Amino acid sequence: MPDLAYLVFLVADGALAGSIYALVALAFVVVYKASRMINFAVGEWTMLGARTAAAASHTIGLGPGGAVAVGCAGVVALALLFNRIVLRPLSRSSLLSLIMLTLGVGIFMRGAATVVFAGVPARIASPFPLDPLVVAGVPLSVDKIVAAVIATACIAALSWFFRGSRTGLALRAVASDQQVALAVGIDLHRHFAITWALVGVLSVLAGTLWSFVSGGGFGIELLGFKVFPIVILGGLDSLAGTIVGAFAVGILESLVAGYVDPIVGGGFSHVASYLVLIATLFVRPFGLFGRPDVERV
Amino acid sequence: MLSDHTVSILIFAGIDVIMALSFYLPASAGQLSAGQGGFMALGAYTAAYLTVQHGTPFPLALAAGGLVGGLVGLAVGFPALRLRGLYLVLVTFGFGEMIRVLFLNAPAFGGPAGFAGIPPATTVWHVLGLLVVLLYFFTRLSGSRMGRAFAALRDDEAAAEAMGVNSTYVKLAAFAAGGVIAGLGGALYAHYTLFIDPEAFGVGRSLFVMLYAVFGGLASFWGAVAGAAILSILPELLRWVKDWREIFYGLLVLTMMLVRPQGLLDAALLARLFPRGERAAARG
């Protein structure tokens, strides 16, 4: 491949991955915005979403659309249950105990998924052709493009939901100041529930798309760890920043994997985003798009 | 007199306690580190490299492991000066990942295939001996000038500085000391398992170390000891539940954080356990 085409290929491939990262990162950020909770189990939620959709597709024999719908129903129900039973009594806990709580939830979900989905394949058959689409000499895989289109549509829908709808306005009010939101008559618990329903939907979508693209759900929990550089780069409370951060990290990883990994050995691309993260925090300790007051000790 | 199985449980539990203490030390100064696995890796690889490649005597290699952990801890402490809360957690988390990838790509240390052929040296007495030293150190620390500076910094940084605590110096000391302890833990680990690979010190290790200390409670170093001992021996006792082990473990942590978010040993319980108002309890 000529140099320029290779560069374009790497950037495009990174952007395609970035669109799925954006979904996972948004699932993290909506929770953080609403309740200042750090969800260390966001990767496990994505895994659960993927496994539920896969189970719906294998045991009931649904197509991808039906599997995602059943998956959403299941995981949204679980997320609402989690919000009602576990989170509601905990609204005023320290940063650390909430982190530990999500770690516990993550361990539990991994264990439960192994038991519940024992013998059910994690793979979801991709309905798209395997041959790559060649655009101006740059090969792009069809399932990745479809995944990116779906992910981008979801991001657009979510952005509209937060910007344009009345519920979105209320969610932004809750994010901005819970006391004031309560004072103007916004039902906090109802909006926390809506937030967690969003987490459920985003997890299923991100998990299913990732399973298409990666050809099986192996190591999908690790997707959660990609989220931290993204949200720190984007600033924890900024949806637009998160989306920019997700694409930036996707492209960065792809470029590093294409140019640097062959020289220094594999795996460097996985930490490149953390290097950028640390450099960013030196310059702007509250992220590129974040407000300085996000820290909480 | 002890069966091999018991010895191995004791050694691994002891190393977990050492690691939990390495998290507790900076945490007692308000510096949460989610990268203790990285320091452990540094100690393990340093000590193993010395004994295997240079035939260095074990005690010397052990000390070198602790030293490297401490020096890198000092280096990591610098970004920590500017960061607080979650941002610090995530940067240290990133540090741990970088160390793992570093060893993954270092052919001299075996890369992804791991580093094998480490001579057996760690005995249960080494682990218990280090634990006794550490417990003595922590007991002395909690009443000392430095220990009080840690507590002051954790409770209110601005107030601590106003009282004359040099926060830069204290934070760096806390990180470095945590690094030394984790490095020692890693060196002991390497000379018991005789084989190390980067995955042993990854994200999972760092987060579990954190979990041990928080589960036990951060009110005193006894919390880290109790939490690590309970949570690392428990999986052995839960062997019979097989596939359900992770579910029980997760539920236990979940329930603990719901019922006692401050951890097992909180200030009130410590005051009951040490009725004569020992310093650790009084510090709360």
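Buried means under 20% relative accessible area, exposed means over 50%, and partly exposed lies in between. The exercises below use a predicted model.

**Exercise 1. A salt bridge between two helices**

Task: Which residue forms a salt bridge with Arg110(A), and are the two partners buried or partly exposed?

Solution.
- Step 1. Find the partner. Arg110(A) pairs with Glu44(A). Their closest N and O atoms are 2.9 Å apart.
- Step 2. Check the cut-off. A salt bridge needs a side-chain nitrogen of Lys or Arg within 4 Å of a carboxyl oxygen of Asp or Glu.
- Step 3. Place both ends. Arg110(A) sits in helix α4 (residues 95-116) of chain A and Glu44(A) in helix α2 of chain A, so the bridge ties together parts that are 66 residues apart in sequence.
- Step 4. Classify Arg110(A). Its relative accessibility is 29%, so Arg110(A) is partly exposed.
- Step 5. Classify Glu44(A). Its relative accessibility is 8%, so Glu44(A) is buried.

**Exercise 2. A second bridge in chain A**

Task: Which helices hold Lys226(A) and Glu253(A), and how many residues apart are they?

Solution.
- Step 1. Confirm the contact. Lys226(A) and Glu253(A) form a salt bridge, with the closest N and O atoms 3.2 Å apart.
- Step 2. Place the ends. Lys226(A) is in helix α9 of chain A, and Glu253(A) is in helix α10 (residues 239-264) of chain A. The two are 27 residues apart, so the pair links distant parts of the chain.
- Step 3. Classify the ends. Lys226(A) is buried because its relative accessible area is 16%. Glu253(A) is also buried, at 9% relative accessibility.

**Exercise 3. Salt bridges in chain B**

Task: What is the N to O distance in the salt bridge of Arg260(B) and Asp266(B)?

Solution.
- Step 1. Read the distance. The side chains of Arg260(B) and Asp266(B) meet at 3.0 Å, N to O.
- Step 2. Classify both partners. Arg260(B) has 25% relative accessibility and counts as partly exposed. Asp266(B) has 14% and counts as buried.
- Step 3. Look for shared partners. Glu97(B), Arg100(B) and Glu199(B) are joined into one network by salt bridges that share partners.
- Step 4. Widen the search. Over all chains, the whole structure has nine salt bridges.

**Exercise 4. Two helices that cross**

Task: At what angle do the axes of α9(A) and α11(A) cross, and is the crossing left-handed or right-handed?

Solution.
- Step 1. Recall the description. Two packed helices are described by the angle between their axes and the distance between the axes.
- Step 2. Identify the helices. Helix α9 of chain A covers residues 223-234, and helix α11 of chain A covers residues 268-283.
- Step 3. Read both values. The axes come within 9 Å and cross at roughly 30°.
- Step 4. Apply the cut-off. Angles under 35 degrees count as roughly parallel. α9(A) and α11(A) are therefore roughly parallel to each other.
- Step 5. Give the hand. The crossing of α9(A) and α11(A) is left-handed.

**Exercise 5. A nonpolar surface patch**

Task: Which element of chain A gives the most residues to the nonpolar patch?

Solution.
- Step 1. List the members. The surface patch is made of Leu4(A), Leu7(A), Val8(A), Val11(A) and Tyr259(A). Together they have about 410 Å² of accessible area.
- Step 2. Find the main contributor. Helix α1 (residues 3-35) of chain A gives the most, with four residues.
- Step 3. Check one member. Val11(A) lies in helix α1 of chain A. At 31% relative accessibility, Val11(A) counts as partly exposed.
- Step 4. Apply the patch cut-off. Patch residues need over 30% relative accessible area.

**Exercise 6. Far in sequence**

Task: How many residues apart in sequence are Arg36(A) and Leu98(A), and how many separate Leu135(B) and Ile18(B)?

Solution.
- Step 1. Take the chain A pair. Arg36(A) and Leu98(A) are 62 residues apart in sequence and 9.6 Å apart in space, C-alpha to C-alpha.
- Step 2. Place Arg36(A). Arg36(A) is in the loop between α1 and α2 (42-60) of chain A. Arg36(A) is partly exposed, at 25% relative accessibility.
- Step 3. Take the chain B pair. Leu135(B) and Ile18(B) are 117 residues apart in sequence and 9.7 Å apart in space, C-alpha to C-alpha.
- Step 4. Place Leu135(B). Leu135(B) lies in helix α5 (residues 124-143) of chain B. Leu135(B) is partly exposed, at 22% relative accessibility.

Key. Residues are numbered from 1 along each chain as its sequence is written. Chains are lettered from A and ligands numbered from 1 in the order in which they are written. This is a predicted model: local features need pLDDT of at least 70, side-chain atom pairs count only at pLDDT 80 or more; totals for chains, interfaces and linings use all residues. Side-chain values use heavy atoms; hydrogens and water are left out. Patches are made of residues with over 30% relative accessible area and no salt bridge: like charges are joined within 9 Å, nonpolar side chains (Val, Leu, Ile, Met, Phe, Trp, Tyr) within 5 Å. Accessible areas come from the Shrake-Rupley method with a 1.4 Å probe; for residues, only the protein chains shown count as cover. Buried means under 20% relative accessible area, exposed over 50%, partly exposed in between (1.4 Å probe, protein chains only). Axes are lines fitted to C-alpha atoms, for helices over the stretch in contact, and angles run from 0 to 180 degrees between N-to-C directions. Angles under 35 degrees count as roughly parallel, over 145 as roughly antiparallel, 65 to 115 as roughly perpendicular and the rest as oblique. A crossing is left-handed if the near helix is turned anticlockwise from the far one by less than a right angle, and right-handed if clockwise.
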